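Subject: A structure for you to look at

Hi there,

Here is the structure I promised to pass on. Please open it beside this note.

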Amino acid sequence: MNVILKRFLYLFFNQGSISFFHAVTLIFASRYLLKVDYGIYRQLFLIWEISSPFILIGINQSIFFLYPRSKNKNLLAKKIFSIVFTFLIIFVFTVYFNRNFISIFLFDNAGFEYENFLKYIIVYIFFSAFNPIFFALFILEDRYSLLSRINVSVNLLITISFLFAIIKFQSLEIILIIKTIGAFLLFSILLFNLKVNTNIYH
């Protein structure tokens, strides 16, 4: 099989599967959660959609230009992760110290009741923000197959856990916990494989 076609199929399968899993979780969330809880669920993840461009500041795209031209790829990778980590710390403290305002803004008069849920989305964002960097590095290291296997397998596990929990418990907090644990699991597996199965840290 043509190498370019093979890489395309890996990426297509990877992104297509993730989009499918995401759609399935939204369908079941809208079916089994109370309308109020479903609205809160979508509002919480809206924080990630809005904040991710500011946290990543385009690094996940610029890395495709910088990485192939870098003489010290190890150092470049460390600098990139340090920058993202710095912006994440700023984000975490900003959300934490403004959690009352954010809760009232998102959830109106019920803000204080749902304020506790913000901690889950903060942790979720903290680990998920590194994923676009991981994905770019795996692609640049020509580890398409490995990236696809990890991403699809972990997201399949998260989706199955999500569906089981939402059908059995119909609890917003439980599915937020599952999503948060899933983000940490994916982050940990990608980081481990980046160190073991690429040349970045060798």
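Below is what I found in it, starting with how some of the helices pack and moving on to the pockets.

A quick word before the details: this is a predicted model.

**Helix packing around α2**

Let me begin with helix α2, which spans residues 35-56, and helix α4, which spans residues 73-97. The two pack at an angle of about 135°, and their axes are 9 Å apart. That angle makes α2 oblique to α4. Their crossing is right-handed. On the α2 side, the residues that meet α4 are Ile47, Ser51, Phe54, Ile55 and Leu56. Their partners in α4 are Val84, Phe87, Leu88 and Phe91. Sorted by class, this contact has eight nonpolar residues, one polar residue and no charged ones.

Helix α2 also packs against α7, at an angle of about 35° and with the axes 10 Å apart. This crossing, too, is right-handed. Here α2 brings Leu44, Phe45, Ile47, Trp48, Ser51 and Ile55 to the contact, and α7 answers with Leu118, Ile121, Tyr124, Ile125 and Ser128. The contact of α2 with α7 divides into nine nonpolar and two polar residues, with no charged residue. If you want residues to click on, Ile47, Ser51 and Ile55 of α2 are among those that meet α4, and they are also among those that meet α7.

**α7 against α10**

On to α7 and α10, whose axes come within 8 Å of each other and cross at roughly 20°. The two helices are therefore roughly parallel to each other. Their crossing is left-handed. From α7 the contact takes Tyr120, Val123, Tyr124, Phe127 and Ser128. From α10 it takes Glu173, Leu176, Ile177, Lys179, Thr180, Ala183, Phe184 and Phe187. In this contact nine residues are nonpolar, two are polar and two are charged.

**The largest pocket**

How much space lies in the largest pocket? It comes to about 860 Å³. The lining of this pocket is made up of 28 residues, and those nearest its centre are Ile18, His22, Trp48, Tyr124 and Asn155. Two of these names will be familiar: Trp48 is one of the α2 residues that meet α7, and Tyr124 belongs to the α7 side of that contact. Tyr124 is also one of the α7 residues in the contact with α10.

Helices α1 (3-32), α2, α7 (118-128), α8 (131-140), α9 (144-168) and α10 (172-197) each supply at least two residues of the lining. The largest share comes from α2, with eight residues. As for the character of the lining of the largest pocket, 14 residues are nonpolar, eleven are polar and three are charged.

**The second largest pocket**

The second largest pocket holds about 300 Å³ of space. Its lining counts 14 residues, with Ile47, Ile50, Ser51, Phe91 and Val95 nearest its centre. The elements that give two or more residues to this lining are α2, α4 and α5 (99-107). Once more α2 gives the most, with six residues. Of the residues lining the second largest pocket, 13 are nonpolar and one is polar, and none is charged. Ile47, Ser51 and Phe91 also appear in the contact between α2 and α4.

Enjoy looking around, and write back with any thoughts.

Best wishes

Definitions and conventions:
Residues are numbered from 1 along each chain as its sequence is written. This is a predicted model: local features need pLDDT of at least 70, side-chain atom pairs count only at pLDDT 80 or more; totals for chains, interfaces and linings use all residues. Side-chain values use heavy atoms; hydrogens and water are left out. Axes are lines fitted to C-alpha atoms, for helices over the stretch in contact, and angles run from 0 to 180 degrees between N-to-C directions. Helices (H or I, at least four residues) and strands (E, at least two) are DSSP runs, numbered from the N terminus. Angles under 35 degrees count as roughly parallel, over 145 as roughly antiparallel, 65 to 115 as roughly perpendicular and the rest as oblique. A crossing is left-handed if the near helix is turned anticlockwise from the far one by less than a right angle, and right-handed if clockwise. Contact means heavy atoms within 4.5 Å. Ala, Val, Leu, Ile, Met, Phe, Trp, Tyr, Cys and Pro count as nonpolar, Asp, Glu, Lys and Arg as charged, and the others, Gly among them, as polar. On a 1 Å grid over the protein atoms alone, a cavity is a set of points where a 1.4 Å probe fits but cannot get out, and a pocket is an open set with protein on both sides within 12 Å along at least five of seven lines; lining residues have an atom within 4 Å of a point. Grid points are joined across faces, edges and corners, and a volume is the space filled by probe spheres set on the points.
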